Amino acid sequence: MIVCVCNNISEGKIHQAVNAGISTMSELRKELGVGTSCGKCHTCAKHVLRECLSNSNQTRNTVQALVFHANAMIA
């Protein structure tokens with residue numbers, strides 16, 4: 001889905017930016033130009049960013065738990 005029509009920014013591009021380390025709207029705006037023209041996409045972009053960060057944190061926590069569990073079994 002296109003989030004920012006003015007700059008042709010899709011949800012996928014926001015996901016890629018989060019995977020590359022972007023974690024704030026300010027960084028997203030600077031990197032992709034989201035919300036720099038008409039501003040109508042700001043709310044949607046912020047929602048997508050939060051969703052990506054939430055999913056990223058959940059994945060990171062699951063991987064850490066699996067690594068910890070695997071190490072506990074080795075000992």
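1. Among contacts in the protein chain between residues at least 6 apart in sequence, 51% join residues at least 24 apart. The model under discussion is a predicted one. Its protein chain has 75 residues, of which buried residues make up 24%. The chain exposes about 5,200 Å², and carbon and sulfur atoms supply 55% of that area.

2. On confidence, the mean pLDDT of the protein chain is 84, with 75% of the residues reaching 70 or more. Among the elements, S2 has the highest mean pLDDT, at 96, and H3 the lowest, at 72. Where pLDDT is low, the predicted coordinates should not be read in detail.

3. The secondary structure comprises three helices and two strands. Along the sequence these elements follow the pattern β-β-α-α-α. Strand S1 spans 2-4 and strand S2 spans 9-10. The helices are H1 (11-19), H2 (25-32) and H3 (42-74).

4. The largest nonpolar core has 15 residues, and the members that touch the most others are Val3, Ile14, Met25, Leu28, Val34 and Ala45. Two or more residues come from each of S1, H1, H2 and H3. The greatest contribution is that of H3, which gives four residues.

5. Val3 belongs to strand S1 and is buried, with a relative accessibility of 7%. Beyond its sequence neighbours up to four places away, Val3 touches Ile9, Ser10, Glu11, Ile14, Cys41, Cys44, Ala45 and Val48. One of these partners, Cys41, is 38 residues from Val3 in sequence, yet the two C-alpha atoms are 6.1 Å apart.

6. Leu28 is another of the core residues that touch the most other members. With residues up to four places away in sequence not counted, its contacts are Ile14, Ala17, Ile22, Gly33, Val34, Ala45 and Leu49. Two of those partners, Ile14 and Ala17, are also buried residues of H1.

7. Helix H1 has Ile14, Ala17 and Val18 as its buried residues. Viewed down the axis of H1, these residues fall within an arc of 100°, and they therefore line one face of the helix. On the face turned away from this buried side, H1 carries the exposed residues Gln16 and Asn19. After H1 comes Gly21, which has a positive phi, near 115°.

8. Leu32 is in helix H2 and counts as partly exposed, at 23% relative accessibility. A residue is called buried under 20%, so the value of 23% places Leu32 outside that class. Leaving aside neighbours within four places in sequence, Leu32 is in contact with Asn7, Ile9, Lys13, Ile14 and Ala17. The C-alpha atoms of Leu32 and Asn7 are separated by 8.0 Å, although the two residues are 25 apart along the chain.

9. Gly33 is placed in the loop between H2 and H3. At 13% relative accessibility, Gly33 counts as buried. Its contacts, not counting residues up to four places away in sequence, are Cys4, Asn7 and Leu28. Gly33 and Cys6 are 27 residues apart in sequence, and their C-alpha atoms are 9.1 Å apart.

10. Asn8 deserves a separate remark. This residue lies in the loop between S1 and S2 and is partly exposed, with a relative accessible area of 47%. Most residues other than glycine have a negative phi. The phi of Asn8, however, is positive, near 55°.

11. The cysteines require attention as well, as the structure holds zero disulfides. Why does Cys6 have no bond to the closest cysteine sulfur? That sulfur, in Cys38, is 3.8 Å from the sulfur of Cys6, which is too far for a bond. The cut-off for a disulfide is a pair of cysteine sulfur atoms within 2.5 Å.

12. Two cysteines differ in exposure. Cys6 counts as partly exposed, at 46% relative accessibility, whereas Cys52 counts as buried, at 4%.

Definitions and conventions
Residues numbered from 1 in each chain as written. Predicted model: local features only at pLDDT ≥ 70, side-chain atom pairs only at ≥ 80, totals over all residues. Heavy atoms only, no water. Buried < 20%, exposed > 50% of the residue type's maximum accessible area, 1.4 Å probe, protein only. Core = buried A, V, L, I, M, F, W, Y, C linked by side-chain atoms within 4.5 Å. Contact = heavy atoms within 4.5 Å. Arc of directions from axis to C-beta. Areas by Shrake-Rupley, 256 points an atom, 1.4 Å probe, with all protein chains shown as cover. pLDDT = per-residue confidence, 0-100.
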